[in-house]
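Student: Let me test the vocabulary on this model. For each label, I want the value, the cut-off and the conclusion.

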Amino acid sequence: MRRRLDHFVICVHDLAQAATAWQKLGFALTPTGVHPFGTSNRLAMLENNFFELLAVTDAAAVPPATSGHFSFAAHNREFLENAEGMSMLVLHTNDAHGDAARFRSRGIGAYAPFDFGRDAVLPGGTTARVAFSLAFATDPAMPGLAFFTCQQRHPPNLFWKPEYQRHPNAALRVTEVVMSAPEPMKHRAFLEHFAEDTAEPIPDGLTIGQRGDRITVLGPAEIARRLPGIDGGAAPRFCAARIAVGDLNATARILKGNGVPFEITGAVLLVPPTTSHGLALEFAEQEMN
């Protein structure tokens, strides 16, 4: 089973400030969602995946990580000790409990599945209960980062709302996540087990997944070429997300009107990570099939 990109956790210190910054980027955001384990979020909901702006908002409610149990909130609290940015990559699943068993058997995640629910604010102001199951995977060679699959256990219409999926910047969906690593091929086996797909070598890196749902890992030289001015760093990290848009000119107008810095190289509009809380954003016209 090949997995598609589901969502991208952007860990921030101040959720309100981050929301303002992302609205200047041209994203419409959902109302604040509150988790029962000490974190809160706002989502930039796209066609079938989304960005999750996440902050620790109740430190006393954060459960510690214990043997066999991954703590989502504790991971993000520790991530923030070093920097803001993308802390977790999430793929879609219809069977998180089965994934947890598979991850355990493959040696990439000896964690129990995690089930939880929260109230979601609907466009009319009412609330609905939404529920999720998560299966976590980690790689000692990628310290500070985490991966999981997410199963939504509620009717889709309670979560995916057209009113939240229309964005002034013309964003449609995330098509690729770009990671940096000093030695990309060291992470091939883990990513193949996690994504349940075969990685392909590319110059100074590897890529895994189908067109429109790719994870790409690049070494320092290719990061410098693709993302000018961005230091890949000495340890693996999430560097960028590529976003398909319906009209790149509309994207540029919104960003320029809001005073957001960007560069255009060829057919790609690049927003630096300093503007978007640690993750560079590549906007590109949607490819036609």
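**Labels and cut-offs**

Student: Why is there no bond between the sulfur of C11 and that of C239?

Tutor: The C239 sulfur is the closest cysteine sulfur to that of C11, yet it lies 16 Å away, too far for a bond. A disulfide needs two cysteine sulfur atoms within 2.5 Å. C150 has no disulfide either; its nearest cysteine sulfur, in C11, is 17 Å off. The total for the structure is 0 disulfides.

Student: What should I know about the source of these values?

Tutor: The model is predicted, so local features need pLDDT of at least 70 and side-chain atom pairs count only at pLDDT 80 or more, while totals for chains, interfaces and linings use all residues. Residues are numbered from 1 along each chain as its sequence is written, and side-chain values use heavy atoms, without hydrogens or water.

Student: What makes C11 and C150 count as buried?

Tutor: Buried means under 20% relative accessible area; exposed means over 50%, and partly exposed lies in between (1.4 Å probe, protein chains only). C11 has 0%. C150 has 3%. Both values fall under the cut-off, so both residues are buried.

Student: Why is H277 called buried, when it is found in a loop?

Tutor: The label rests on accessibility: H277 has 9%, so it counts as buried. The loop in question runs between β15 and β16. Beyond four places in sequence, H277 is in contact (heavy atoms within 4.5 Å) with residues including I10, Q17, W22 and E84.

Student: What makes β16 largely enclosed?

Tutor: The count does: 5 of its 6 residues are buried, so the rest of the structure largely encloses β16. Helices (H or I, at least four residues) and strands (E, at least two) are DSSP runs, numbered from the N terminus.

Student: How do you know that β16 pairs with β13 and with β15?

Tutor: Pairing requires at least two bridges found by DSSP. β13 and β16 have 6, in the parallel sense. β15 and β16 have 4, in the antiparallel sense. Both counts satisfy the rule, so both are pairs. For register, V245 bridges to E285 in β16, and L270 bridges to E282 in β16.

Student: Why are β2 and β6 said to stand at the edges?

Tutor: Take the order of the open, mixed sheet of 8 strands: β2-β3-β4-β1-β5-β8-β7-β6. β2 (33-34) and β6 (114-121) each have a single partner strand, so one side of each lacks a neighbour in the sheet. Within that sheet, β1 (5-11) and β5 (85-92) pair antiparallel over 6 bridges, with L5 opposite L91.

Student: What covers the buried residues of α7?

Tutor: The cover includes α1 (15-24), β13 (237-245), β15 (268-271) and β16 (280-285). The buried residues of α7 (248-257) are L248, A250, T251, A252 and L255. Just after α7, G259 takes a positive phi of about 70 degrees.

Student: What makes the chain as compact as a globular protein of its length?

Tutor: The chain has 7 helices and 16 strands. Its radius of gyration is 18 Å, close to the 19 Å that the globule rule gives for 289 residues, so the chain is as compact as a globular protein of that length. The radius is taken over C-alpha atoms, and the rule is 2.2 Å times the number of residues to the power 0.38. Buried residues make up 56% of the chain.
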